[in-house]
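Reader: I am new to this structure and should be grateful for a guided reading. Could the discussion begin with how its helices pack?

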Amino acid sequence: MSNQEKTVGIIGGMGPEATVDLMQQVIAGTPANDDVDHIRMLVDNNPKVPSRIKAIIEGTGESPAPVMIQMAQGLEKQGADFLVIPCNTAHHYYNDVAASVSIPTLNIIEITAKHSKQQQPDLTKVGLLASSALQKINLYEPWFEQLGVEIAYPNVDDQQAVMELIRAVKANKQTSEQVAAYNRAAQQLAAQGAECLIVACTELSVIGDQLQTELPVYDASTLLAQAIIDNALNT
């Protein structure tokens, strides 16, 4: 690692496979001829972080924030130069985490919203494929509103199908029927007038190659991986 390169700290485990998927994307996207050319990643792949679904949607669980803060501070002490959180819903606690450390914390929501607008300057409406928690807490709305972009969500039945798929991916038990229902949700967003799709759940990123649509797709996990590379290599 050159003196100019930075080390990323990954607040992971939400879920664990999504964290590994992000790491694989970073490795695949890094220009490297040998081991030494790759980016140093300090990873706390902690699946014991309290459930975001129980805390936000069901209202029965404890806040993940204290555990996430502990993880962030631990990664900083280990030598991370900047942090990332490969979970969209967990960004509900972004401000708490970012304020707990002295190093930068990249924001997957900001990165994704700005990238989609940069790619489509005339963009006025996006379709969001994500956990139901994101709609409940309006996580993407502030970023897209300031860009003049409206967000479309799947209808109730389609959103339920998306949630079932997310849970199935976490258990590594997704079925072809669940994936087909997910693709119907994507089609329904296109019918609502969405000009692109935002894959805003890192579990859905794990099966990103199974999303079928003619619309442009911006995958938050993929964009975060590229941001890690850019920040680590100062490109």
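Reader: What is the handedness of the crossing in which α1 passes α11?

Author: The model is predicted, so local features need pLDDT of at least 70, side-chain atom pairs count only at pLDDT 80 or more, and totals for chains, interfaces and linings use all residues. Residues are numbered from 1 along each chain as its sequence is written, and side-chain values use heavy atoms, with hydrogens and water left out. A crossing is left-handed if the near helix is turned anticlockwise from the far one by less than a right angle, and right-handed if clockwise. Where α1 passes α11, the crossing is right-handed.

Reader: How are the axes of α1 and α11 oriented: oblique, parallel or perpendicular?

Author: Helix α1 covers residues 16-29 and helix α11 residues 220-233; their axes come within 9 Å and cross at roughly 50°. Angles under 35 degrees count as roughly parallel, over 145 as roughly antiparallel, 65 to 115 as roughly perpendicular and the rest as oblique. Therefore α1 is, relative to α11, oblique.

Reader: Which residues of α11 make the contact with α1?

Author: Contact means heavy atoms within 4.5 Å. From α1, the contact involves Asp21, Leu22, Gln25, Val26 and Gly29. The α11 side consists of Ser221, Thr222, Leu224, Ala225, Ile228 and Ile229.

Reader: How is α5 oriented relative to α11: perpendicular or parallel?

Author: Helix α5 (residues 108-119) packs against α11 with the axes 9 Å apart. The angle between them is about 100°. This makes α5, with respect to α11, roughly perpendicular.

Reader: How many charged residues does the contact of α5 with α11 have?

Author: Ile108, Ile111, Thr112 and His115 of α5 meet Ala220, Ser221, Leu223, Leu224 and Ala227 of α11. Ala, Val, Leu, Ile, Met, Phe, Trp, Tyr, Cys and Pro count as nonpolar, Asp, Glu, Lys and Arg as charged, and the others, Gly among them, as polar. By these classes the contact of α5 with α11 has six nonpolar and three polar residues, and the number of charged ones is no more than none.

Reader: What percentage of the residues of the chain count as buried?

Author: The chain has 11 helices and seven strands. Buried means under 20% relative accessible area, exposed over 50%, and partly exposed in between (1.4 Å probe, protein chains only). Of the 235 residues of the chain, the buried share is 50%.

Reader: Is asparagine 155 exposed, partly exposed or buried?

Author: Asparagine 155 lies in the loop between β5 (150-152) and α8 (156-170). Its relative accessible area is 36%, so asparagine 155 is partly exposed.

Terms used: Axes are lines fitted to C-alpha atoms, for helices over the stretch in contact, and angles run from 0 to 180 degrees between N-to-C directions. Helices (H or I, at least four residues) and strands (E, at least two) are DSSP runs, numbered from the N terminus.
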